[in-house]
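Student: I would like to take a close look at one part of this structure, the sheet and what surrounds it. Could you walk me through it in one connected answer?

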Amino acid sequence: MSSHTYQEAVEKLNSLQSNAATLEAVRASGGRLSQFAIPEMLEYLGRIGYSPDQLNALNVIHITGTKGKGSTSAFVDSILRHAKPDWKIGLYTSPHLVAVRERIRINGQPISEELFTKYFFEVWDRLQSNTARALESTSLMPGYFRFITLLAFHAFLECKVDATILEVGVGGTYDSTNVVPKPVVTGVTALGIDHVGVLGKTLEEIAWQKGGIFKEGVPAHTVSQPESPLKVLRNRAQELKASSFTVIEPNPQIASTKLGTPYFFAIAHIANLIFLPISRVGRFTPN
């Protein structure tokens, strides 16, 4: 039985480079550090014993955007749990409000302190013991968000979830979540100006970053966007060989529904993110 405590896990997690410090380093480098983001994340993934292809077993619904990506992720999780009550559904979001465990949920509930501690130290100890690194730029330990993402992957694989809703942290192309080779479907919520030091100063630049989650042979969806960034998303879908590119227009039948959020486009997005994978993607089957 492990002698580690949940508080010890939280303290070690908080000792890692913060998200703010990571983003500031990227900004200060003029974006140069971004090119190492995915190769470094893949190194960390390998050091804890996983290949990228193993993540495909999570049946990932990958969601990015500027406005409403968290709401969309939460709605998708809720509807999928109601549509498939016999499935085990993983949800990874950020940030958390009270406890870091809120970021990693299974069937709507944060994983327990006991499980968080167990999985945390399994990931931590593997990184500490396996120090071989191919890239000179890769630090011994990942930053806060990278570590939590690795922890989420490990927890979901250990718990054998049937599907995973994966919310991007920042951007898409270079985000730590963008290491799943074959998600079931990808989606982009409304675009806006945010994290300009990292993602770019225009909607077109930001659209390029967000569209980086599109994958070869995987359906790509977006809500209606302004014409110019929409063109960028469409081009990204073609460049990355998405199997389709669908623009989701607001559904007038639900536009007046009061859901505690101004982002009604999230609801239109949900129907496609949920029912298309279930009905049309053969490999989206429960474990």
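Student: How many bridges join E2 to strand E3, and in which sense do the two run, parallel or antiparallel?

Tutor: Bearing in mind that this is a predicted model, E2 and strand E3 (residues 104-106) are joined by 3 bridges and run antiparallel, with Leu 91 standing opposite Arg 105 in E3. Helix H9 (residues 227-239) packs on the sheet, where the helix touches strand E6 (185-188), strand E7 (219-223) and E8, and its direction makes about 155° with that of E8.

The pairing of E2 with E3 belongs to a wider arrangement, an open sheet of 8 strands in the order E4-E3-E2-E5-E1-E6-E7-E8, in which the pairing is mixed. Strand E4 (109-110) and strand E8 (244-248) each have a single partner strand and stand at the edges, so one side of each is left without a neighbour in the sheet.

In the strand order, E5 comes between E2 and E1, and the bridges to those two strands can be taken in turn. Strand E2 (residues 89-92) pairs with E5 in the parallel sense over 4 bridges, and here Gly 90 stands opposite Thr 164. Strand E1 (residues 60-64) is likewise parallel to E5 and is joined to that strand by 4 bridges, with Val 60 standing opposite Thr 164.

Strand E5 (residues 163-167) is also mostly covered, since 5 of its 5 residues are buried. In a regular strand, side chains alternate between the two faces of the sheet. For E5, one side carries Ala 163, Ile 165 and Glu 167 and the other carries Thr 164 and Leu 166, and these residues are all buried, so that both faces of the strand are covered.

Turning from the sheet to the aromatic residues, the structure holds 9 aromatic pairs. One of them is formed by Phe 116 and Phe 120, which are stacked at 6.0 Å centre to centre with 20° between the planes. These two residues are 4 apart in helix H5 (residues 113-129), and they are therefore separated by about one helical turn; both Phe 116 and Phe 120 are buried. The pair is part of one aromatic cluster that is formed by Tyr 6, Phe 116, Phe 120, Phe 121, Trp 124 and Phe 147.

Tyr 6, a member of that cluster, also has the charged end of Arg 101 sitting over its ring, 5.7 Å from the ring centre. An arrangement of this kind is found at Trp 208, where the charged end of Arg 236 sits over the ring, 3.9 Å from its centre.

Key
Residues are numbered from 1 along each chain as its sequence is written. This is a predicted model: local features need pLDDT of at least 70, side-chain atom pairs count only at pLDDT 80 or more; totals for chains, interfaces and linings use all residues. Side-chain values use heavy atoms; hydrogens and water are left out. Rings of Phe, Tyr and Trp (its six-membered ring) pair if their centres lie within 6.5 Å; planes under 30 degrees apart count as stacked, over 60 as edge-to-face and the rest as tilted. Buried means under 20% relative accessible area, exposed over 50%, partly exposed in between (1.4 Å probe, protein chains only). A charge sits over a ring if NZ of Lys or CZ of Arg is within 6 Å of the ring centre and within 35 degrees of the ring normal. Two strands pair if DSSP finds at least two bridges between them. Contact means heavy atoms within 4.5 Å. Axes are lines fitted to C-alpha atoms, for helices over the stretch in contact, and angles run from 0 to 180 degrees between N-to-C directions.
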